[in-house]
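The following exercises concern a single protein chain. Each task is followed by a solution that proceeds step by step.

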Amino acid sequence: MRIAIMGSGGVGGYFGGLLARAGHDVTFIARGAHLAALKAHGLRVESVHGDFAITPAQTIDDPAAVGPVDYVLFATKTFQIEEAAAAMRPMIGPQTAVLPLHNGLDASERTVAVLGAGPVLGGMCQLGSYIAAPGVIEQISQFRRVVAGELDGPVSPRVTAIVAALRAAGADAEASPTIQKARWTKFIFIAPFSGIGALTRAPAGDIMGCPETRSLLVDAVLEVEAVARAAGIGLDEDIAAKTVAFCDGMAPGQTASMQRDILDGKPSELESIVGVMVRLGAELDVPTPLFRCFYAALLPQERRARELANGG
């Protein structure tokens, strides 16, 4: 397969690396120091599942120079979706499928608004991974899961093909006829964990090992479940218990990408992970006091990070 990775950070770099190692024709779209390192030294992945390197790594900063591909793994930050989707248009041919792997709930729909419905799939991933240094991806979670599906229909051949490729490359990949359920199943984990992690500045082991803080995470999980059910999402009956058990089993040093960005003073995905819960709760008349607290407490720093990123 010919595959482009739009956003070659922790998620795109890791899954793109797996696919390249498996023999697929993979091009990494990157920029800045990360791009320079990929060009000079290739991609190095340091993973709990085994280290590997892609040398040389096909990488470029201009999607227009890539041309049409079979698949685009779309893994930028959520606040970059519209700009990045517009930039990837030259890579979209009649048979191209775009698989969004963002956090949040609406990445596919926002991508459709730019590219049209034809190429866009629904996607979800669970992965603990980040850029440790330019050209170096550190993957720290036992889980490395991808779920893909059509936004409005049963599993299609194009979904089956990319799932098979990811699975053969080493990912835990599956095709789903209910991608919205899969998205919310991830969101009920990532939103509470990101909010509490960013507020406490603590990793998973400290959060889950402190009864008071663990109790707060449980309550935040229940807030997300209440909003999801009000939105008509058919989550499993025991989703809250399974989510908390998943958090209990995480590596002690695990942190969320939103948390890491906030700690580094960078623009984060606060709006797509926490702010969206505040807005949906208001729309659906479901109380979300914890998420309102997370959002209000973190918003001033988020605004300042965006000002600095824009030269303010």
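**Exercise 1.** Determine whether Thr59 is buried or exposed, and describe its surroundings.

*Solution.* Step 1: the relative accessible area of Thr59 is 13%. Residues count as buried under 20% relative accessible area, as exposed over 50%, and as partly exposed in between, with a 1.4 Å probe and protein chains only. Thr59 is therefore buried, given its 13%.

Step 2: Thr59 belongs to strand E5, residues 58–60. Helices (H or I, at least four residues) and strands (E, at least two) are DSSP runs, numbered from the N terminus.

Step 3: the side chain of Thr59 reaches the backbone oxygen of Phe28 at 2.9 Å. With neighbours within four places in sequence left aside, Thr59 is in contact (heavy atoms within 4.5 Å) with Phe28, Ala30, Leu35, Leu38 and Lys39.

Before the next exercise, the basis of the values should be stated. The model is predicted, so that local features need pLDDT of at least 70 and side-chain atom pairs count only at pLDDT 80 or more, while totals for chains, interfaces and linings use all residues. Residues are numbered from 1 along each chain as its sequence is written, and side-chain values use heavy atoms, with hydrogens and water left out.

**Exercise 2.** State which peptide bond is cis, and place the residues around it.

*Solution.* Step 1: the cis bond runs from Thr55 to Pro56, with omega near -5°. Most peptide bonds are trans.

Step 2: Pro56 is situated in the loop between strand E4 (52–54) and E5.

Step 3: Ile54 is part of strand E4. With a relative accessibility of 11%, Ile54 counts as buried. Its contacts, not counting residues up to four places away in sequence, are Gly17, Ala20, Arg21, Gly42 and Leu43. Ile54 and Gly16 are 38 residues apart along the chain, and their C-alpha atoms are separated by 9.9 Å.

**Exercise 3.** Describe the polar contact that joins the side chain of Arg110 to another side chain.

*Solution.* Step 1: Arg110 is located in helix H4, residues 107–115. Its relative accessible area is 19%, so Arg110 is buried.

Step 2: the partner is Glu82, and the polar contact between the two side chains is 2.8 Å. A polar contact is a pair of N or O atoms within 3.5 Å; within protein, one must be able to donate a hydrogen and the other to accept it, and residues adjacent in sequence count only if both atoms are side-chain atoms.

Step 3: residues up to four places away in sequence being excluded, Arg110 touches Thr78, Phe79, Ile81, Glu82 and Ser272.

**Exercise 4.** What sign does phi have at Arg201 and at Asp285, and where do these residues lie?

*Solution.* Step 1: most residues other than glycine have a negative phi. Arg201 is not a glycine, yet has a positive phi of about 65°. Asp285, also not a glycine, has a positive phi of about 60°.

Step 2: Arg201 occupies the loop between helix H6 (179–200) and helix H7 (204–209). A relative accessible area of 37% makes Arg201 partly exposed.

Step 3: Asp285 sits in the loop between helix H11 (270–284) and helix H12 (289–309). At a relative accessible area of 71%, Asp285 is exposed. Pro287 is likewise found in the loop between H11 and H12, and its relative accessibility of 63% makes it exposed.

**Exercise 5.** Does the radius of gyration of the chain agree or disagree with that of a compact globule?

*Solution.* Step 1: the radius of gyration is taken over C-alpha atoms, and the globule rule is 2.2 Å times the number of residues to the power 0.38.

Step 2: for 312 residues a compact globule would have a radius near 20 Å; the protein chain has 19 Å, which agrees. The C-alpha atoms fill a box of roughly 50 × 40 × 40 Å along the principal axes.

Step 3: the secondary structure of the chain comes to 12 helices and 10 strands, and 55% of the 312 residues count as buried. Among contacts between residues at least 6 apart in sequence, 70% join residues at least 24 apart.
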